[in-house]
Amino acid sequence: MKGRKFKIDLSPAQILVLGFLSVILIGSILLSLPIASNNGESVGFVNALFTATSAVCVTGLVVVNTLAHWTLFGQIVILILIQIGGLGFMTMATAIFILIGRKITLKERLIIQEALNEYTLSGMVRLIIRILIGTLIIEGVGALLLAIRFVPEYGLARGLFVSIFHSVSAFCNAGFDIIGGSSLTPYSGDLLVNFIIITLIILGGLGFTVWWDIIRAGKLKIENNLSMKRFFQKLTLHTKLVLSISATLITLGFVFFFIVEFNNPNTLGAMSLKDKLINALFQAVTPRTAGFNTFDLTELTDASKLMTIIQMFIGGSPAGTAGGIKTVTMGVLAVSVISVIRGHERTEIFNRTIPRDVIRRALAVLFISVSLVIGVTMILSLTETGDFMDIFFESISAFATVGLSLDVTSSLSFLGKIIIAITMFIGRLGPVTMALAFSLRGSKRKGQIKKPEEKVMVG
């Protein structure tokens, strides 16, 4: 009809996907410019696309050496892409809207809710402002502390940039480095660098909502002089799960790597006891989607490679900068299994019952993630040459947006680069968000009609 406007109705999940794709495309164009490369020649659109995807998806897998290949312009573009990817497309867009005084609409609040995996629309804009301020403070303090080491080594201007770059990269769990291609290997025995990077990785991986819940409970503790037990009780179930599971994974990983790699001459074996402790802890933290390493990962034992794969697949926590299926997903499924074994009808933990829809979503995340990783590994085993363990490691690293590699990324074929780029993209958005974005939304909701029940044999 004449005068009728054509309008596309997109879901929040679809808008998120298109938003991230737009940022990646812009980053790819900028990185493919000759000014971005030290040799004055374009790196090629595919390599630029791969690097931009890796940066926006805060992964850290690279096909060219970040320090040697990219100019200062290219490194700044990568840094900006990491920051946008770490905080999220809608978080950055909302920040711009706030700065220019534009009102945040209901639909935009729904998109923010989807991006941060929140269950309520209440206080979305306030949460975004807190995230931005908190991120600025944490990354700023991290950069200043890193400058203590990097400024004397690189000079004032370069030292500050290196400090800012690594602080942002660590907090956003990106894993990009501009040290020289060997990640943080030159600082494997440096207490200052290791503990700052470890702290930034953990803070970014905990999730933004966890910060504010801890601060809220902390204020109550101070005002009412509560004990640590009462302080823990004041936390939400989500925060309790995040803190307990994260602490357990880091502790188990630390003990495992310290024992298994203790006598490996190519990893911890030749180090002093102090350095062994530092590097074992770093190796327990970095697979939580950070992507940094302090020694050659190709020299790990097969048992340690498998442990790293497990840690990468679990990843960090929801509503943060980390990837993987997330700690809470794993926690919910573990508690559900324990409930089944004990014969309980409900899934309970910390005196709370976990709703069935949360358990179903956790199962969906696990099933889709396992299916994706298996599919990607199978395809890469056909398109790439190399050991199966190395290819499997690469697939998990891409999906969980970790960035650790067993020297596979630089030798990927054209098809391999495209597959890994797509895997990183799906991993950053989340398998359920991607599934929702591409699902067909019909007007008839057949699922509302309850069908007759009939039991099947399981197990």
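Here, a residue counts as exposed when its relative accessible area is over 50%, as buried when under 20%, and as partly exposed in between. By that yardstick Phe388, at 54% relative accessibility, is exposed. Keep in mind that this is a predicted model. Below is a quick tour of its aromatic pairs, its charges over rings, its salt bridges and one helix.

**Aromatic pairs**

- Searching the whole structure turns up 11 aromatic pairs.
- Take Phe256 and Phe257: their ring centres are 5.6 Å apart and their planes sit at 85 degrees, so this pair is edge-to-face.
- These two sequence neighbours land in separate accessibility classes: Phe257 is buried, with a relative accessible area of 1%, whereas Phe256 is partly exposed at 23%.
- For a stacked pair, look at Phe388 and Phe392, which qualify because their planes are at 10 degrees, with ring centres 6.0 Å apart.
- Both of those residues belong to helix 17 (residues 388–399), and they are 4 residues apart, about one turn of the helix.
- That spacing fits a simple rule: an α-helix has 3.6 residues a turn, so residues three or four places apart point the same way.
- While Phe388 is exposed at 54% relative accessibility, its partner Phe392 comes out as partly exposed at 23%.
- There is also an aromatic cluster, made up of Phe150, Tyr154 and Tyr187.

**Charges over rings**

- Lys276 lies over the face of Phe262, 3.5 Å from the ring centre.
- Arg130 does something similar with Trp212: the charged end of Arg130 sits over the Trp212 ring, at 5.9 Å from its centre.

**Salt bridges**

- Side chains of opposite charge can pair when their charged atoms come close.
- The structure has 4 salt bridges, and three of them are picked out below.
- Arg149 and Asp190 meet through their side chains at 2.4 Å, N to O.
- Arg149 is in helix 7 (residues 124–154) and Asp190 is in the loop between helix 8 (156–171) and helix 9 (191–206), so this bridge ties together parts that are 41 residues apart in sequence.
- Of that pair, Asp190 is buried at 13% relative accessibility, and Arg149 is partly exposed at 29%.
- Arg216 and Asp213 form a salt bridge at 2.6 Å, N to O, and this one stays inside helix 10 (residues 208–224), with the two residues 3 apart, about one turn of the helix.
- Here too the acid is buried, with Asp213 at 8% relative accessibility, while Arg216 is partly exposed at 34%.
- Asp275 and Lys274 pair up at 3.1 Å, N to O; Asp275 is buried at 18% relative accessibility and Lys274 is partly exposed at 42%.

**Helix 18**

- Helix 18 (residues 414–429) has 16 residues and reaches 23 Å from its first C-alpha to its last, close to the expected 22 Å.
- Because 12 of its 16 residues are buried, helix 18 is largely enclosed by the rest of the structure.
- The buried residues include some with charged side chains, Lys417 and Arg428, as well as Ile419, Ile420, Met424, Phe425 and Leu429.
- Right after helix 18 comes Gly430, with a positive phi near 100 degrees.

Note on methods
Residues are numbered from 1 along each chain as its sequence is written. This is a predicted model: local features need pLDDT of at least 70, side-chain atom pairs count only at pLDDT 80 or more; totals for chains, interfaces and linings use all residues. Side-chain values use heavy atoms; hydrogens and water are left out. Rings of Phe, Tyr and Trp (its six-membered ring) pair if their centres lie within 6.5 Å; planes under 30 degrees apart count as stacked, over 60 as edge-to-face and the rest as tilted. Buried means under 20% relative accessible area, exposed over 50%, partly exposed in between (1.4 Å probe, protein chains only). A charge sits over a ring if NZ of Lys or CZ of Arg is within 6 Å of the ring centre and within 35 degrees of the ring normal. The expected span of a helix is 1.5 Å times one less than its number of residues.
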